[in-house]
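Hi everyone, thanks for making time for this. Let me put the structure up on the screen, and then we can walk through it together.

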Amino acid sequence: MDWVKFFTREELVAGLEISSDFLRLTLLAEDKDKKPVVLTATEEPLNEGVIVDGTVKNQEELGKAVKKLINKSKTKIRYVILSIPENKVFFKIFTFPKSIKGARLKETMDLSIGFQLPIKPDDAYLDWEKIEGDLVNEVLLAAIPKSIINDYVAALGPTGLKIIAVEFHLLSASRTLVGDSKPVLILREKQDAMTVRVIKNNVLRFAYTISYKTTPKEKLKTELTRLINFY
């Protein structure tokens, strides 16, 4: 990769969303007035069974669908930030005193990760970011088994796309909303489930997926009330 071109923004980076039933590709740029311009916004359906429960079950079919998607773009795309389903992602917000910062914060997070992750740290891709607060230091941690990400990377290999970063849908969506100091409940209904998330100040504070297999739709209102009270 030509890092000089990349960091001087001569190379445009698109967003690629992969879901169980579709792919979406979006590329933004700036006009002469520094306002965002949509260069590409396209979608490609995905056959059932290619992505199941957030994991790649058919790398070849996923690669073919991505090729069809990028061929629809009027702008040549080389680099993407990949947004994947949140099914297998573990995320947690840690709270520390304001006195813990800098190198001490990193040391504390390294220690917390070893005790808090449901999988071995060596078997996961993980990252964390600090959430600015007035009274305490908060840190958002996200982790996912390496095998899951490796399957996505392998599937996209033949397409020629270079993956710059990977994050999950809920985190991607939280970045696009107008910041609100009050918690906002957002529901995303899928064919077999509903994802519930709470976002405050563009930070994902809580997320939960309600499966219709275990919670029939007629009991959805009760379950939503329970989650709101829990939060």
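Let's start with Lys130, whose bridge partner in β9 is Val139. That pairing belongs to β8 and β9, which run alongside each other in the antiparallel sense over 8 bridges. Please keep in mind as we go that this is a predicted model.

Now widen the view a little. The strands β8 and β9 are part of an open sheet of 3 strands, in the order β7-β9-β8, with antiparallel pairing. At the edges sit β7 (90–97) and β8 (124–131), each of which pairs on one side only. From one strand to the next, the twist averages 20°.

Two helices lie across these strands. Helix α3, residues 103–116, lies across β7, β8 and β9, and runs at about 135° to β7. Helix α4, residues 146–156, lies across β8 and β9, at about 65° to β9.

Let's stay with β9 and pick out one residue, Glu138, which lies in that strand. Is Glu138 buried or exposed? Glu138 is buried, because its relative accessible area is 16% and the cut-off for buried is under 20%. What does Glu138 touch, if we skip residues up to four places away in sequence? The list is Ile93, Phe94, Thr95, Glu129, Lys130, Ile131 and Arg205. You will recognise Lys130 there, the residue whose bridge partner in β9 is Val139.

Arg205 deserves a second look. The side chains of Glu138 and Arg205 meet in a salt bridge, at 2.8 Å from N to O. Glu138 is in strand β9 (residues 136–145) and Arg205 is in strand β13 (residues 203–211), so this pair ties together parts that are 67 residues apart in sequence. Arg205 itself counts as partly exposed, at 24% relative accessibility.

How many salt bridges does the structure hold? There are 11. Here is another one for you to find: Lys64 with Glu60, where the closest N and O atoms are 3.5 Å apart. Both of these residues lie in helix α2 (residues 59–71), 4 residues apart, about one turn of the helix. Lys64 is partly exposed, with a relative accessible area of 41%, while Glu60 counts as exposed at 54%.

Glu30 and Lys34 also meet through their side chains in a salt bridge, at 3.9 Å from N to O. Glu30 and Lys34 are both exposed. And then there is a network of salt bridges that links Glu17, Arg24, Glu43 and Arg188.

Let me finish with the nonpolar cores. The largest one has 39 residues, and the members that touch the most others in it are Leu16, Ile18, Leu62 and Tyr152. If we leave aside neighbours within four places in sequence, the contacts of Leu16 include Leu25, Val66, Leu69, Val80 and Leu156. Arg24, which we just met in the salt-bridge network, is also in contact with Leu16. Apart from the largest core lies another core, of 11 residues, among them Met109, Ala124, Leu141 and Ala143.

That's my tour, so please jump in with whatever you would like to look at again.

Conventions
Residues are numbered from 1 along each chain as its sequence is written. This is a predicted model: local features need pLDDT of at least 70, side-chain atom pairs count only at pLDDT 80 or more; totals for chains, interfaces and linings use all residues. Side-chain values use heavy atoms; hydrogens and water are left out. A salt bridge is a side-chain nitrogen of Lys or Arg within 4 Å of a carboxyl oxygen of Asp or Glu. Buried means under 20% relative accessible area, exposed over 50%, partly exposed in between (1.4 Å probe, protein chains only). Contact means heavy atoms within 4.5 Å. Two strands pair if DSSP finds at least two bridges between them. Axes are lines fitted to C-alpha atoms, for helices over the stretch in contact, and angles run from 0 to 180 degrees between N-to-C directions. A nonpolar core is a set of buried Ala, Val, Leu, Ile, Met, Phe, Trp, Tyr and Cys residues joined through side-chain atoms within 4.5 Å.
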